[in-house]
Amino acid sequence: MCGIAAYIGQKNAYPIIIEALKRLEYRGYDSAGIVLYDGKNTKIYKEAGAISCLEKSMDQKNPIGKIGIGHTRWATHGVANTINAHPHHSQNKRLTLVHNGTVLNHHLLRESLLADDFHFYGETDSEILVNFLANQQAKENLSLLDTILQHSLKLEGRSVFVVHDLEDPNKIIACNLGGDLFIGKGKDKQILACSDKNALAGYVDQVTSLAPGTLAIIDADCQIFDLNSKLKLKPEWKKLKLNAESLEKGAYPHFMLKEIFEQEEAISKTIEHLSKSSNYKLEKMLEPYRRTITRLRKITIIACGTSWHAGLVAKHFFNELADLPVYCEYASEFMPTDVGAGDLVIAISQSGSTADTLQAVQSAKDIGAVIISICNVEGSAITNLADVSLLTKAGPEIGVASTKAFTTQLTALFLIASQCGEWRGYLSPNRKKSLWKELKNIPLKINEVLRNNPKIAELAKKYQSANNFLYLGRGTGFPIAMEGALKLKEVSYIHAEGLSAGEMKHGSIALIDKNMPSLFIATEDEHYDKIINNLLEIKARNGKIIAITDSLDTQIKKEADDVIVIPSCSPLLYPFLTVIPLQLFAYHVALLRGTNIDKPRNLAKSVTVE
Ligand code: AGP
């Protein structure tokens, strides 16, 4: 939600910032802007719409300056227009700021600023924020650094802001009050700071993440301070390993399709990373908590959206492999009574910067729970909060609709559940070994499923004009049904509901008629016969049926209107295979409907507001 890119160096900042913003555009794409300092003055350029609109508007201008800050917005306070677009300047025009996140106490700050004779041109909390800083600075005659050190903790809510002060113009200050900002150092003392590490690729070779509760002076020295103690901290610089090509679509028309097809590799890399590599080996990472794990009576999973669906699948993994009940909570609905001191919480987040998840994890941590995070972004806020941070190796996921992040999360969860099962004496080491072996074969089976792509494209043609869909499954098929429905909604804007097939007859069946297709997850597991019954119930009401199955049974082929056949595997591993046709179906329907597949309307990839 909102992307920030700030540059300071010897080159013209504009082309560097605009390229970085394009890589950050998945975080918000309703308006964009840049401030440049040309050695004398700051100049702000902003436009409503995508970054391409800003870029186009710059054609006839001559944007110059070696210091600059850019922003791509996902509106929270105030409509998406040019006035509300960032950067925002203070009333005295001294400070210019971009902001990601929300200032929850902006109403109170606004009132006190109004009392001090401030006026506002727009509706954003970010404009309040820049004036709050300017007011404190002026009243107490402080440098920008001291203003932020002394007053930033009065700001409530999670946010990251980056500010330029015209009276101390050769530096930029970035403050992290609970989000992500990565600072990179390149050749010739160039510094680029971005909301996502991937946006730094190609410009810098060393990177550090600005932890929540700290600020950075972005200049050649790049000093970092703790906001509580006000003490200087030593940044930990690491080599930036990403290459810029991993951020391109290559031969694919959309990132979503590319990322669907990357799942084979992403799962293999995640298995390799968590089960072989000596530093990150799962057993080694979890070892300090082995005693806790053997005594556990339950696990709580906290996540949102697709990551929450991965958590729901993991309920089955932990149940069957470790004899452990799992309570999978929406992060935004998390209640402190959901966990106690010493409980184990697994937080799942692709981005590691989802505000709802961070908030819930912080509450669980405050209560004394042990936090394991499963995250795709090294150095993100959630990895900083967790006691054990396990990384998935999906690589950059740029399409707003999550695909490869989901299956790599399932991979990590399956490995953790079986490790817990072994330590709890529920799974023999040999059984664990054979399960891991089966998991290693999953990428090959995904490859087989992907061969259905042309057929699924045809099915999309057949069903694209339906206005509503039901997705139905039982057992692990239920969260996959929810995930499939979410994918369709996100990218095609068609209403879809994912339901437990057993629950469907308790109400939602009233929706069924010839215009409402149902997608069934009908794999050959313990639920198969019941699923067939549910399928027949829909058919009896003239509903159209698409079934995803590995069954050789002729009945399903006879009863369903269309069948997508997937290979067989152990029942617990079905979700890895059944989700793929649903991702492809959503993609092809969206393609036919002409939506903005990688950046669907109203959405953003990292939801950094609560
Ligand atoms: C998935 O397609 C969505 N874009 C969304 O539900 C996402 O999974 C959710 O916002 C959680 O994000 P996270 O995994 O980065 O925390």
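Reader: Which classes of residue make up the shell around the ligand?
Author: Five nonpolar, eight polar and two charged residues form that shell. Asp, Glu, Lys and Arg count as charged, Ala, Val, Leu, Ile, Met, Phe, Trp, Tyr, Cys and Pro as nonpolar, and the others, Gly among them, as polar. The model is predicted: local features need pLDDT of at least 70, side-chain atom pairs count only at pLDDT 80 or more, and totals for chains, interfaces and linings use all residues. Residues are numbered from 1 along each chain as its sequence is written, and side-chain values use heavy atoms, with hydrogens and water left out.

Reader: Which of the residues around the ligand come nearest?
Author: Ser307, Ser349, Ser351, Thr354 and Glu490, out of 15 around the ligand; to be near, a residue needs a heavy atom within 4 Å.

Reader: What makes Ser351 a polar contact of the ligand?
Author: A polar contact pairs N or O atoms within 3.5 Å. A polar side-chain atom of Ser351 is 2.6 Å from a ligand oxygen, so the pair qualifies. Glu490 does too, with a side-chain N or O atom 2.7 Å from a ligand oxygen. Val400 uses a backbone N or O atom, 2.9 Å from a ligand nitrogen. The protein buries 91% of the 410 Å² that the ligand exposes when taken alone (Shrake-Rupley method, 1.4 Å probe).

Reader: Which elements give two or more residues to the shell around the ligand?
Author: Helix H10 (305-322) and helix H16 (477-492), helices being DSSP runs of H or I with at least four residues.

Reader: Why is the ligand said to lie between domains?
Author: Domain 2 (255-450) and domain 3 (453-593) both supply shell residues, so the ligand lies between them. The chain also has domain 1 (3-241), whose centre, over C-alpha atoms, is 45 Å from that of domain 3. The bounds come from an automatic or database assignment.

Reader: What makes the peptide bond from His86 to Pro87 cis?
Author: Its omega is near 0°. Most peptide bonds are trans.

Reader: And what makes Asp323 stand out?
Author: Asp323 has a positive phi of about 55° although it is not a glycine. Most residues other than glycine have a negative phi.

Terms used
Polar contact = N/O pair within 3.5 Å; in protein donor to acceptor, adjacent residues only side chain to side chain.
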